[in-house]
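Here is a friendly walk through one structure, written with a modeller's eye for cut-offs. Have a look at it first, and then read on.

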Amino acid sequence: LHDPIWYDHMPYLPFPENWPVFTPKDKIGDWLEMYTKVMEINYWGSTRCIHAEFDEEKQEWRVTIDKNGEKLTLRPKQLILATGMSGIPNMPNIPGMDTFEGEQHHSSQHPGGEAYKGKKCIVLGGNNSAHD
């Protein structure tokens, strides 16, 4: 969502020419759902990876997942971890933050910019969290 679309085209099916350069999340979500159907990709939503390890002898991964309450073991040859940088908010410990009377929060808890219109603020950090 932070990149222009020309970096994010999907194989075999690029975005239409009239597509917004910075695409809203719901539009991207709809596109990805359509893409999995059209490209016949085996996609499981609401599935959590519990454990993954590589079996050197068999040259395959052993991945344990929770799919809607059912534990399954998959044995793929490749495993792609697409979780962002870490998925864990990192709040720096800055001297004085415990006595600062203003508001402090990580971007993962940011309610949106409307409440802060016209106010002064400081953003610490880099990459998507700081952008958010």
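## Salt bridges, strands and a pocket

Arg62 is partly exposed, with a relative accessible area of 29%; here buried means under 20% relative accessible area, exposed over 50%, and partly exposed in between, using a 1.4 Å probe and protein chains only. Please keep in mind that this is a predicted model, where local features need pLDDT of at least 70 and side-chain atom pairs count only at pLDDT 80 or more, while totals for chains, interfaces and linings use all residues. Residues are numbered from 1 along each chain as its sequence is written, and side-chain values use heavy atoms, with hydrogens and water left out.

Which residues are linked to Arg62 in a network of salt bridges? They are Glu53 and Asp55. A salt bridge is counted when a side-chain nitrogen of Lys or Arg lies within 4 Å of a carboxyl oxygen of Asp or Glu. By this rule there are three salt bridges, as tabulated here.

| Salt bridge | Closest N to O |
|---|---|
| Asp26 and Lys25 | 3.0 Å |
| Glu53 and Arg62 | 3.3 Å |
| Arg62 and Asp55 | 3.9 Å |

The partners of Arg62 sit in different classes of exposure: Glu53 is partly exposed at 34% relative accessible area, whereas Asp55 is buried at 18%. Asp26 and Lys25 are both exposed.

Now for the strands, which are DSSP runs (E, at least two residues; helices are H or I, at least four), numbered from the N terminus. Two strands pair if DSSP finds at least two bridges between them. S1 (residues 47-55) and S2 (residues 60-67) run antiparallel and are joined by eight bridges, with Thr47 partnered by Lys67 in S2. Four residues separate these strands in their hairpin, and Gln59 in the turn has a positive phi of about 55°.

S2 also pairs with S3 (residues 70-74), again antiparallel, over five bridges; Thr64 has Thr73 as its bridge partner in S3. In this second hairpin two residues lie between the strands, and Asn68 takes a positive phi near 55°.

Finally, the second largest pocket has 16 lining residues, with Cys49, Val63, Ile65, Leu79 and Ile80 nearest its centre. On a 1 Å grid over the protein atoms alone, a pocket is an open set of points with protein on both sides within 12 Å along at least five of seven lines, and lining residues have an atom within 4 Å of a point. S1 supplies the largest share of this lining, three residues.

Notes:
On a 1 Å grid over the protein atoms alone, a cavity is a set of points where a 1.4 Å probe fits but cannot get out, and a pocket is an open set with protein on both sides within 12 Å along at least five of seven lines; lining residues have an atom within 4 Å of a point.
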